[in-house]
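Here are my notes for a colleague who is opening this entry for the first time. Please read them with the sequence and the structure side by side.

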Amino acid sequence: MKRWGIPLGLLIVIFLIVSSLTIPVKRAFTFTETRTENPQMTYRLLSDDLEFQIRYVHSIFLTDVLETYQVQEDSSLKFLTMRYEDVGIGLPGFAEEGETLSVTEDGIYTLTYEDKVVDSFVLYIGDVDAQLAFRYKGKETNLKAYLERGHSYEFRVKKLTLYEIMKGVNLNGKAKERTESGSDN
């Protein structure tokens, strides 16, 4: 009987280790590289605050655009608002069905969405020196310091396993250093 005690104990330990590495445990915002055989994942763990923002400089108007989202119970993303200064080329001058557009006295447009929900969206990291940032819990993170220029990333909220957390790049971690030309060092 004792002969089976050690192998059974070893099997239990192995099972617990494998389980702890493969069972999803933490929800996170994830940026997963697309159009590649070996996609890299960058993430930021999600806490109790369900609202976040993507801020970027519009490539034509060179003004800030601020998109605000809310994570839903099923990890889908509800588009709340988009704020911008100029209209045209991706920045609407009118509201469609299910939207409301308001303009402040200083010319800031706010497009509010009633019920626009998506599971994910693709973010293209342009190879230009324009800002692209992820805002969460009062902290703004420069995405171009973590994600590779000229590549596309699927953004979604999903539960990560401990293995994925160890393998991925944490947005709170050390960013890639770049030269003035934008290439990696």
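1. In this predicted model, a nonpolar patch of about 540 Å² appears on the surface, and the residues that make it are Leu8, Leu11, Ile12, Phe15 and Leu16. One of these, Leu16, belongs to helix 1, which covers residues 2–22.

2. Turning to the sheet, the model has an open arrangement of 5 strands with mixed pairing, and the order across it reads 8-11-1-2-12. The edge positions are taken by strand 8 (121–124) and strand 12 (169–170), and because each has a single partner strand, one side of each is left without a neighbour in the sheet. As general background, strands of a sheet pair through backbone hydrogen bonds, and the pairing may be either parallel or antiparallel.

3. Within that order, it is worth following strand 1 (residues 26–33) alongside strand 11 (residues 152–160), since these two are paired in the antiparallel sense over 8 bridges. A convenient place to check the pairing by eye is Phe31, which stands opposite Phe155 of strand 11.

4. A separate pairing to inspect is that of strand 9 (residues 132–136) with strand 10 (residues 139–142), where the strands run antiparallel and are joined by 4 bridges. Here Ala133 is found opposite Asn142 of strand 10. The two strands form a hairpin with 2 residues between them, and in this hairpin Lys137 adopts a positive phi near 55°.

5. Which residues lie nearest the centre of the largest pocket? They are Tyr56, Val57, Leu123, Tyr124 and Leu132, out of a lining of 20 residues, and the pocket itself holds about 440 Å³ of space. Two or more lining residues come from each of strand 3 (51–57), strand 4 (64–71), strand 5 (77–84) and strand 8, with strand 8 giving the largest share, 4 residues. Strand 8 is thus to be looked at twice, as it also stands at an edge of the sheet described above. Sorted by class, the lining of this pocket comprises 14 nonpolar, 4 polar and 2 charged residues.

6. The second largest pocket encloses about 210 Å³ of space, and its lining is made of Thr32, Pro39, Gln40, Met41, Lys158, Tyr163, Glu164, Lys167 and Gly168. Helix 2 (residues 162–167) provides the largest share of that lining, namely 3 residues. By class, the lining of the second largest pocket is divided into 3 nonpolar, 3 polar and 3 charged residues.

Terms used: Residues numbered from 1 in each chain as written. Predicted model: local features only at pLDDT ≥ 70, side-chain atom pairs only at ≥ 80, totals over all residues. Heavy atoms only, no water. Pairing = 2+ DSSP bridges. Patch = residues over 30% accessible without salt bridge, like charges linked within 9 Å, V, L, I, M, F, W, Y side chains within 5 Å. Areas by Shrake-Rupley, 256 points an atom, 1.4 Å probe, with all protein chains shown as cover. Salt bridge = Lys/Arg side-chain N within 4 Å of Asp/Glu carboxyl O. 1 Å grid on protein atoms, 1.4 Å probe; cavity = no way out; pocket = protein on both sides within 12 Å on 5 of 7 lines; lining within 4 Å. Points joined across faces, edges and corners; volume = space filled by probe spheres on them. Nonpolar A, V, L, I, M, F, W, Y, C, P; charged D, E, K, R; others polar.
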